[in-house]
Amino acid sequence: MNDKSSVIFGNKIPAKFVKKAAKAQKKFLKKFGDDRNVGYHLVAVDNPVLTPAMGVKVLKLSKEPMASLPPKPLIIGNIRMGFGHYRISMAMASAAHAMGYTPLWLDLNSFPETTCTKIIGYQNDLYSMASRLSQKSKLFNKYFWDPLNYEGFRQITYNTGDQKNAELMTPLFTDIPHDTPFIATHVWPSQAAIHAGLNKVVNAIPDNWPMALHLSEGALHTVQTPSSYFGYRTLRGFNKDKVLNPMKKEDIVMTGHYIDHEFVANIESDCKSRVQRLESGKPVRFLLSIGGAGSQGDYFAGLIKTLIPFIKENKATLYLNIGDYANVWNLFCSKIPSIEKLATLHFDKWEETAAFTKAALSDSACTAPESRGIHVFCHKDIFAAVYATNLLMRPCDVLMTKPSELAFYPVPKLMIQHVGGHEKWGAVRAAEVGDGTPECHCLAYAQQMIELFIKEPDLLVNMNNAIVSAKKAGIYNGAYHAVELATGLTGLDGKGSEYAYASR
């Protein structure tokens, strides 16, 4: 196994940080056990949500070695940490399926008997707890959480610890041939795949703020934006003011935004439908998606309270996806007593949710139940919980979201306050492209935007026009390009292979 913690892209890491990383690795081994000599076996099984939608097969543990992978396999390595990395994985799977590949879903956080999952689960719990605390304590957020997310994770020495931890995640790769195309939507699966010997690894970097946290030397790094490309290529700020050796151009590619095939292929028709609704005075459809970290409850309640008078007047509709957090609905009911009378609940009824979104897409007159009132979606199944937002985005008129992975999607967006400091650059990107607002740092500004969107819909019309223009520029084709890179296809020469996929 090659050491990747002492020297990172030609930059030697001080010995004290390497020793600290090795010490942390030993603590994890003591706490969770050492299974590096265990050969775990995998089997590919269907998923009730993702297999019908995009041909995904999920990799689960098996007692028997895997005889062979399905035809034209492309593994998508991820972890459940909030909803973001799952959503990016779905974009990759959708693009791969459209291009004729079999997407295989490998979530390193879904094997509780392994040291790998125990380590990831432990760190994920800490991240979620701190994320929620950051929304309750301004001091904690200002002096710890925001700086950690913004500058702490940015430092190249942080990558040293992650690389040592990834060494403990390789047993899950026992059955995977080293030449299997592999796209990772979180850095840990990418690092683990490299340590396991895979040689066709794409490390799909999320967000728009360069951080050493996302480095996975040995993989091909992809980014979504020009500014992110420049930051990673030069490793700017990764050791405070010290100039570091840069990444080589062979190690990084700017692909564009990671977007599902279904979105890209239907951008023109979806935007046309939105503009027709807006210009004819139909109720403005707002979508509010609650992420996996479960924070920002009071902020969300404030948004809903602002919408309720307009909903009663049939000037607005709210689609509310609370993911797999049923308790969030109880929170809203306690904070907004009038919400229950206006709401229709869609809890753990995936087929009903899918039918609802299909009907909303076809309801041009906006007279059907899907176009009125409040509709609340909740699914215990994590795949349904995440994918419900994907389905609801196409028929909605404006998405209200923090500037996380959803900041890059081709739908008009109201950017609410960020949770981690790295997220705010997602709002900067959306504002530059023209398909989203600047970040609303306070609730009052977000409430003003809601009223403006309803009373002056030209703002949303402009966003839809910007989305159509951005598609023509290839901005939303990142998932196609990531698949091309992982599988050895060409198509980054700007000659239009991406449009062939998007027009199918």
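**Two open sheets, cysteines, pockets and cavities**

Strands β16 (residues 398-401) and β17 run parallel and are joined by three bridges. The model is predicted, so local features need pLDDT of at least 70 and side-chain atom pairs pLDDT 80 or more, while totals for chains, interfaces and linings use all residues. Residues are numbered from 1 along each chain as its sequence is written, and side-chain values use heavy atoms, without hydrogens and water. Strands (E, at least two residues) and helices (H or I, at least four) are DSSP runs numbered from the N terminus; strands pair when DSSP finds at least two bridges between them.

**The six-stranded sheet**

- This open sheet has parallel pairing, and its six strands follow the order β14-β15-β13-β12-β16-β17.
- Its edges are formed by β14 (343-347) and β17 (413-415), each of which pairs on one side only.
- From one strand to the next, the twist averages 20°; angles run from 0 to 180 degrees between N-to-C directions of lines fitted to C-alpha atoms, for helices over the stretch in contact.
- M400 has L414 of β17 as its bridge partner.
- Helix α17 (residues 443-455) lies across four strands of the sheet, namely β12 (284-289), β13 (316-321), β16 and β17, and runs at about 150° to β12.

**The eight-stranded sheet**

- A further open sheet, of mixed pairing, contains eight strands in the order β3-β4-β6-β5-β7-β8-β9-β11.
- The edge positions belong to β3 (41-46) and β11 (252-254), and each of these strands pairs on one side only.
- With direction ignored, neighbouring strands of this sheet are turned by 30° against each other on average.
- Two bridges pair β4 (residues 57-62) with β6 (residues 102-107) in the parallel sense, and the bridge partner of V58 in β6 is W105.
- Helix α3 (residues 84-98) packs on the sheet and touches (heavy atoms within 4.5 Å) β5 (73-78), β6, β7 (182-184) and β8 (201-204). The direction of α3 makes about 160° with that of β6.
- Helix α19 (residues 478-487) runs at about 135° to β7 and lies across β5, β7, β8, β9 (220-223) and β11.

**Cysteines**

- The count of disulfides (cysteine sulfur atoms within 2.5 Å) is zero.
- C271 is in no disulfide, and the nearest cysteine sulfur, that of C396, is 11 Å away. C271 counts as buried (under 20% relative accessible area, with a 1.4 Å probe and protein chains only) because its relative accessibility is 3%.
- C442 is likewise in no disulfide, the nearest cysteine sulfur being that of C440 at 7.6 Å. At 41% relative accessibility, C442 counts as partly exposed (between 20% and the 50% above which a residue is exposed).

**Pocket and cavities**

- The second largest pocket (an open set of points on a 1 Å grid over the protein atoms alone, with protein on both sides within 12 Å along at least five of seven lines) holds about 710 Å³ of space, the volume filled by probe spheres set on the points.
- Its lining (residues with an atom within 4 Å of a point) comprises 30 residues, and S134, Q135, K136, Q296 and G297 lie nearest its centre.
- Elements giving two or more residues to this lining are α4 (115-136), α5 (138-152), α11 (297-312) and α12 (326-335); α12 gives the most, with five residues.
- Two cavities (points where a 1.4 Å probe fits but cannot get out) of 30 Å³ or more are present.
- The largest cavity has a volume of about 40 Å³ and is lined by I88, P206, D207, Q224, Y258, E405, F408 and Y409.
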